[in-house]
Amino acid sequence: MVVLSKPAVIEHLSLVNNTLFHGVPLIDLSKPNVNSLLVKACPEFGFFKVINHSVPIESITKLESLAIQFFSSPLPEKEKAGPPDPFGYGNKKIGSNGYVGWFEYIFLTTNTDFNNQKFASISGESQETFHCTMNDYVSFVKKMACEILEMLAEGLKIQPRNTFNKLVMNEESDSVFRLNHYPPCLDDQFKGGNLIGFGEHTDPQIISVLRSNNTFGLQILLKDGNWVSIPPDQTSFFINVGDSLQVMTNGMFKSVRHRVVANKSKSRLSMIYFGGPPLCKKIAPLPSLMKGEDSLYQEFTWLEYKKSAYRSRLAENRLGEFEKIAAS
Ligand code: GA4
């Protein structure tokens, strides 16, 4: 069993609602009516599950088994790839505000080939395989994310139809990738409640693509204010609308608030690709979506938003600072 280093004060939720939610929109990417289903899912939940995707199962399982191997190695080995500043191996710490969760992770930028990142300092012959496998996986997942973004633009009748995906495809796109490992949480650490693996937040980028193993843990906040548990599905991907897409659609699409609760007996492993725009890209509501309505947000560059997000507390409503106050 993998044990995390140094104890830390980790949030417990004693009244967590563990209601299983079976209403996540299911999008079959092989079907002809995908665009309209996607456009329906984004305002309602900002979250959906995709099946019949183009990511080869071998690429997923290969990366998963290498990640398990990495997280099972002795802590000093893993720490050779850390501390995260921000990229590398990290243990419990989330962001720079002293926030902690019950997990460990590898966090990397997808701008540079993984071989050239600090993570490459981990010794062992299998590292090259790990890097290549991650590079392959990220290219597949990025391609799928771009296809989804294009379908969303088509569904919204936005011209040109690469308006969203060109931001993520751009060579300078500021996209990141993380592998999160949530070890099982022993009884005494549970203290009768639910131990928070990764606290509630929204993702700042445009789109996030999540794949996890079959361990429960992910929860989303519904519009009615209830947290619900999402049944895991290791053959599918879960897609989140990020804050930047919420702004570009002038609030029509919702950036979903989510969190991960640690599991009592099983390890959870997730791999998440966060597709972001280039740092200098201006993010603002698209005029074609405003239909005479006022813009709800002040324009910002991704760099400005990112800086402000990384200074913020995890659970904060980061877009609040950029919302326009409606004239009375
Ligand atoms: C949430 C989504 C991604 O995991 C992440 C996170 C980032 C981090 O772990 O360093 C942040 C968090 C995330 C949002 C607010 C800031 C930044 C921790 C934090 C307190 C990598 C991201 O891009 O934003």
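Here is a chat about the pockets, the ligand and one loop of this predicted model.

Student: Okay, where does the ligand sit?
Tutor: The ligand takes up the space of the largest pocket. Keep in mind that this is a predicted model.

Student: What's the volume of that largest pocket?
Tutor: The volume of the largest pocket is about 980 Å³.

Student: And how many residues line it?
Tutor: The lining has 50 residues. Nearest the centre of the largest pocket are K93, I94, G95, R178 and F198.

Student: Which element gives the most to that lining?
Tutor: Strand 4 does, with six residues. Among the other elements that give two or more residues are strand 5 (99-109), strand 6 (176-182) and helix 9 (302-311).

Student: What's the mix of classes in the lining of the largest pocket?
Tutor: You'll find 24 nonpolar, 16 polar and 10 charged residues there.

Student: Back to the ligand. Which residues come nearest?
Tutor: There are 14 residues around the ligand, and R178, D203, Q205, A309 and Y310 come nearest. By class, that shell has seven nonpolar, four polar and three charged residues.

Student: R178 again! What does its side chain do with the ligand?
Tutor: An N or O atom in the side chain of R178 is 2.8 Å from an oxygen atom of the ligand. Q205 has a polar side-chain atom 2.8 Å from a ligand oxygen, and for Y310 the distance from a polar side-chain atom to a ligand oxygen is 2.9 Å.

Student: How much of the ligand's accessible area does the protein cover?
Tutor: On its own the ligand has 460 Å² of accessible area, and the protein covers 97% of that.

Student: New topic: what about the second largest pocket?
Tutor: The second largest pocket has a volume of about 310 Å³. Its lining is made of 18 residues, and Q246, K254, S255, V256 and R257 are the closest to its centre. By class, the lining of this second pocket has six nonpolar, four polar and eight charged residues.

Student: One last thing. Is the peptide bond from Q159 to P160 cis or trans?
Tutor: That bond is cis, with omega near -10°. P160 is in the loop between helix 4 (126-155) and helix 5 (165-169).

Student: What else is in that loop between helix 4 and helix 5?
Tutor: K157 is found there too. K157 isn't a glycine, but its phi is positive, about 60°.

Student: Why point those two out?
Tutor: Because most peptide bonds are trans, and most residues other than glycine have a negative phi.

Technical notes:
Residues are numbered from 1 along each chain as its sequence is written. This is a predicted model: local features need pLDDT of at least 70, side-chain atom pairs count only at pLDDT 80 or more; totals for chains, interfaces and linings use all residues. Side-chain values use heavy atoms; hydrogens and water are left out. On a 1 Å grid over the protein atoms alone, a cavity is a set of points where a 1.4 Å probe fits but cannot get out, and a pocket is an open set with protein on both sides within 12 Å along at least five of seven lines; lining residues have an atom within 4 Å of a point. Grid points are joined across faces, edges and corners, and a volume is the space filled by probe spheres set on the points. Helices (H or I, at least four residues) and strands (E, at least two) are DSSP runs, numbered from the N terminus. Ala, Val, Leu, Ile, Met, Phe, Trp, Tyr, Cys and Pro count as nonpolar, Asp, Glu, Lys and Arg as charged, and the others, Gly among them, as polar. A residue is near a molecule or strand if one of its heavy atoms lies within 4 Å of it. A polar contact is a pair of N or O atoms within 3.5 Å; within protein, one must be able to donate a hydrogen and the other to accept it, and residues adjacent in sequence count only if both atoms are side-chain atoms. Accessible areas come from the Shrake-Rupley method with a 1.4 Å probe; for residues, only the protein chains shown count as cover. A molecule sits in a cavity or pocket if more than half of its atoms lie within 2 Å of its grid points.
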